[in-house]
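Colleague: Could you take me through one part of this model in some detail? I would like to know what sits where, and which cut-offs lie behind each term.

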Amino acid sequence: MQTQLEIAYNLKYINEIQFNKTNEESKEIERMLSSFIRKIKERVLFFDKNLTFEPLQLTDFEPKKTNDKPI
């Protein structure tokens, strides 16, 4: 998000005040989300010690192939 803000500021879509305010808000949201994710992982690991977290791959979002014929 910070990159898009910088681009918008450099292209004069937003002024310096808007950039600074939005940039600080986005950084705060990023900190909040990081904390939330960390706490969720801690809780999940508390209940399942063998669970591991791996980054998602782009292929995880591809439609699954089936042998079904279209209707």
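Modeller: Happy to; what follows is a close look at helix α2 and the residues around it.

This is a predicted model, in which local features need pLDDT of at least 70 and side-chain atom pairs count only at pLDDT 80 or more, while totals for chains, interfaces and linings use all residues. Residues are numbered from 1 along each chain as its sequence is written, and side-chain values use heavy atoms, with hydrogens and water left out.

First, the setting. The chain has two helices and zero strands; helices (H or I, at least four residues) and strands (E, at least two) are DSSP runs, numbered from the N terminus. Helix α2 covers residues 16-47, and a loop lies between α1 (2-10) and α2. Of the 71 residues in the chain, 8% are buried. Here buried means under 20% relative accessible area, exposed means over 50%, and partly exposed is what lies in between (1.4 Å probe, protein chains only). The accessible surface of the chain is about 7,300 Å², and carbon and sulfur atoms hold 59% of that. Such areas come from the Shrake-Rupley method with a 1.4 Å probe, and for residues only the protein chains shown count as cover.

Let us start with the buried positions. N23 has its place in helix α2 and counts as buried, at 10% relative accessibility. Leaving aside neighbours within four places in sequence, N23 is in contact (heavy atoms within 4.5 Å) with Q2 and L5. N23 and L5 are 18 residues apart along the chain, yet 7.0 Å separates their C-alpha atoms.

S26, also in helix α2, is buried too, because its relative accessibility is 11%. With neighbours within four places again set aside, S26 is in contact with M1, Q2 and L5. The side chains of S26 and Q2 also make a polar contact at 3.1 Å. That term stands for a pair of N or O atoms within 3.5 Å; within protein, one must be able to donate a hydrogen and the other to accept it, and residues adjacent in sequence count only if both atoms are side-chain atoms.

K27 is likewise found in helix α2, but at 32% relative accessibility K27 counts as partly exposed. From K27 to M1 the C-alpha separation is 9.1 Å, with their places 26 residues apart in sequence.

Now for the charged pairs. The count of salt bridges comes to two, each being a side-chain nitrogen of Lys or Arg within 4 Å of a carboxyl oxygen of Asp or Glu. One joins the side chains of E25 and K21, at 2.7 Å from N to O. These two are four residues apart in helix α2, so about one helical turn separates E25 and K21. E25 is partly exposed, with a relative accessible area of 38%, whereas K21 is exposed at 52%.

In the other salt bridge, the side chains of E28 and R31 meet at 2.8 Å, N to O. E28 and R31 are three residues apart in helix α2, and therefore separated by about one helical turn. E28 is partly exposed, with a relative accessible area of 37%, and R31 counts as partly exposed at 47%.

Further along comes a nonpolar patch on the surface. I29, M32, L33, F36, I37, I40 and V44 form this patch, and together they have about 640 Å² of accessible area. Patches are made of residues with over 30% relative accessible area and no salt bridge; like charges are joined within 9 Å, and nonpolar side chains (Val, Leu, Ile, Met, Phe, Trp, Tyr) within 5 Å. F36 is exposed, because its relative accessible area is 51%.

Finally, a backbone detail ahead of the helix. K12 is found in the loop between α1 and α2, and K12 has a positive phi of about 65° although K12 is not a glycine. Most residues other than glycine have a negative phi. K12 is exposed, with a relative accessible area of 68%.
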